[in-house]
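The following paragraphs give a guided reading of the structure shown below. They begin with an internal void and move outward to the sheets and helices.

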Amino acid sequence: MQAKKRYLILFSTGACLILLFCLGGIQVPLSRRGPSRPHDRRLSGYGPGARWRHMSGYLQPFSSWEQDRSDDLTEHISPRQKRDANSGLYTGKRCRMESCFDFSLCERNGFKVYVYPQQKGEKLSESYQNILSSIEGSRFYTSDPGQACLFVLSLDTLDRDQLSPQYVHNLKAKIQSLPLWNGGKNHIIFNLYSGTWPDYTEDLGFDIGLAMLAKASISTENFRPDFDVSIPLFSKDHPRTGGEKGYLKYNTIPPYRKYMLVFKGKRYLTGIGSDTRNALYHIHNSEDVVLLTTCKHGKDWQKHKDARCNKDNAEYDKYDYREMLYNSTFCLVPRGRRLGSFRFLEALQAACVPVMLSNGWELPFSEIIDWNRAAVIGDERLLLQIPSTVRSIHQDKILSLRQQTQFLWEAYFNSVEKIVLTTLEIIQDRVLLHTSRSNLMWNSLPGGLFTLPQYSTSLRDFPFYYAELGIKPPSKFTAIIHVVTPLVSQSQPVMKLLVAVAKSQYCAQVIVLWNCEKPLPAKHRWPATSVPVTVIEGESKVISSRFLPYNTIPTDAVLSLDEDTVLSTTEVDFAFTVWQSFPDRIVGYPARSHFWDSNKERWGYTSKWTNDYSMVLTGAAIYHKYYHDLYTTYLPASLKIMVDQMSNCEDILMNFLVSLVTKLPPIKVTQKKQYKETMMGQSSRASRWADPDHFAQRQTCMNKFANWFGTMPLIHSQMRLDPVLFKDQVSILRKKYRDIERL
């Protein structure tokens, strides 16, 4: 009987212990190796150290997985290092937009960004100054913190390596003293380098609170999805605006280069990041796989050099890095001390397909970019399989990968401005989720920066996606005639132009934009037409008002006309049919060109009749109405004010914009000398052609625009599209656009 009691007591005790364990009253040591994204698992209540839901009692967890991990990392460092590390553990580890971002700040004024004024005595690195300048020059910037949705520090947070001369001391106290800091809510912190020798952790040295991170070399473990933004590591020489184009000048078929796979860089003999680079010699063959490393870096490299160093150093010096880069199909991008490296951007620019060997790196802009279309994502543990893997990729796929590297480089990475604007656009898409861009917009031409979601969320409303959607461009256009002189006679050119345009079978409506100082003429003064004619007054009577996104434009196609343009109905019909084949470009008659004047070291503008052109003037041109929104929204107020003050150059500015977006030249249709002769013969005092300063102003505009864009986006072309059988020695009755030849 007594034995039965003992067994019963033991059984009851065991059951109680099991019950306590299940309810969390007893904790046992578990592995500290979390899942690949521990923050996602912990949010759902799984994994080691899972937190209880917040309750109003006094129960507290004995320890958290993050604290255990911190203790483990700081076990072998000095007390001072441990204090510094603990100061950098930030409280917003679980932050997401819905929990750590105040959306109400964005509801009144939209997505506006405020940059704190620079404090006295605070020095900024050139790279951080470029970031702030890019924000202040963008359409998102506001100087009023009361209108801001997002805040950016004027304290330099780019380099948080304590051994760096750019390191800013006492940053924690300086940030905490900011009146608008609010625990970091609605703030974004930019960072390129974090941690220092020997472990190079991702600690910034201060608590970022609830702020978002726009960080280079960030790991998937520390990256907070839909909150942080992974940015590329870029050098201090990276241009602020403009940026160089990619080096894929033409598509070679097959797309193979001299080398299959290359790498040239430092080899770390000890410490973090040494494993992969130390093993590269196993797959180096000195023929088409050339992977070169050197030990010769740092002050005491000879103390640590191994048996391979001398041989590696000698072979390293035999090859030119740029020559390898531009003549290789694939470029290896292994991790360095940190997860990211400069070689990533260098490979993209060189159209050398990046082969990523950096396990755990959250690739730049991974939220929007499909990197499988532009890179090969490798595994450091499978290094020996890399050569056979890249050799197995079909040449069609290689060509596609290389083309995508060029698109991504020029769309998002070739300047500090584009990196910053892409970061802000990603955050804006999160804030205004109902108008966010689609994956196709981000990963195909012209890219997310030029497809404004405020215009439309439908791909079919933009001029870039007709082919991909398998739909035809619209079959009607709206004519906008810009009028600056009073209406005094029925024989004025504007009256003849209105009648000729209205007769076009493709015309849906005619809009007369009245920018004249005289009052609007009576309705009966305008000729009767078969299509509606709407007369509207230009906003402030400025020349840029011709490119405003008027709600009265019912069609996607716009025929832009000056009042003194001379066009026949046949010419209008032909130009529109050409535009339907090129809906993303400017298509029209009067062409102009630009050139580089080496004597004056500036851009020049010419109206000479040659076989070469780079602009089609909007005095007689067709384009998509989306460019009205882009002109109004994307371009800075300073350029539009300059244009309005001179009443000149708006057509050049529109050509700059469209060429920047499409990376293509405009389309000129049938040569018509009568156009130029007629314009030069106009006796109207208001005619811009009669202004002696007209040409000089346009020279000035060319250089002002190129300076703001940071590059010259205009592209030369020698293509001219004529009607079939144009000028051929056949019967005029066999020609569709027969009237054009009589002009």
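In this predicted model, strand 8 makes the greatest contribution to the lining of the largest cavity, supplying three residues. That cavity has a volume of about 50 Å³, and the structure holds six cavities of 30 Å³ or more. The residues that line the largest cavity are V262, F263, K264, Y321, L325, C331, L332, R343 and A347. Four elements each provide at least two of these lining residues: strand 8 (259-266), helix 12 (321-326), strand 10 (328-334) and helix 13 (343-349). Classified by type, the lining comprises seven nonpolar residues, two charged residues and no polar ones.

Strand 8 itself is largely enclosed by the rest of the structure, because seven of its eight residues are buried. It belongs to an open sheet of five strands with parallel pairing, in the order 9-8-10-11-12. Strand 9 and strand 12 (376-377) form the edges of this sheet; each has a single partner strand, so one side of each lacks a neighbour in the sheet. Helix 15 (residues 395-413) packs on the sheet, where it touches strand 10 and strand 11 (353-357), and its direction makes about 90 degrees with that of strand 11.

The pairings of strand 8 can be followed residue by residue. Six bridges connect strand 8 with strand 9 (residues 289-294), and the two run parallel. On the strand 9 side, V262 has V290 as its bridge partner, and F263 has L291. Strand 8 also pairs with strand 10, again in the parallel sense, over three bridges. There, V262 has C331 as its bridge partner, and both V262 and C331 are among the residues lining the largest cavity. Helix 11 (residues 309-316) lies across strand 8 and strand 9 and runs at about 120 degrees to strand 9.

A further sheet lies later in the chain. It is an open sheet of eight strands with mixed pairing, in the order 15-14-13-16-21-17-22-23. Strand 15 (533-537) and strand 23 (720-721) are at its edges, and each has a single partner strand, so one side of each is left without a neighbour in the sheet. Within this sheet, strand 13 (residues 477-483) and strand 14 (residues 507-514) pair in the parallel sense over seven bridges; in strand 14, L513 is the bridge partner of H482.

Two helices pack on the eight-stranded sheet. Helix 20 (residues 569-579) touches strand 13, strand 16 (557-562), strand 17 (587-588), strand 21 (620-624), strand 22 (667-669) and strand 23, and its direction makes about 30 degrees with that of strand 21. Helix 21 (residues 626-633) touches strand 13, strand 16 and strand 21, and its direction makes about 85 degrees with that of strand 21. How many residues of helix 20 are buried? The count is 11 of the 11, so this helix is largely enclosed by the rest of the structure. Its buried residues include E571 and D573, as well as F574, F576 and W579.

For the chain as a whole, there are 25 helices and 23 strands. Of its 743 residues, 52% count as buried. Among contacts with a separation of 6 or more, 74% are between residues 24 or more positions apart.

Methods:
Residues are numbered from 1 along each chain as its sequence is written. This is a predicted model: local features need pLDDT of at least 70, side-chain atom pairs count only at pLDDT 80 or more; totals for chains, interfaces and linings use all residues. Side-chain values use heavy atoms; hydrogens and water are left out. On a 1 Å grid over the protein atoms alone, a cavity is a set of points where a 1.4 Å probe fits but cannot get out, and a pocket is an open set with protein on both sides within 12 Å along at least five of seven lines; lining residues have an atom within 4 Å of a point. Grid points are joined across faces, edges and corners, and a volume is the space filled by probe spheres set on the points. Ala, Val, Leu, Ile, Met, Phe, Trp, Tyr, Cys and Pro count as nonpolar, Asp, Glu, Lys and Arg as charged, and the others, Gly among them, as polar. Two strands pair if DSSP finds at least two bridges between them. Contact means heavy atoms within 4.5 Å. Axes are lines fitted to C-alpha atoms, for helices over the stretch in contact, and angles run from 0 to 180 degrees between N-to-C directions. Buried means under 20% relative accessible area, exposed over 50%, partly exposed in between (1.4 Å probe, protein chains only).
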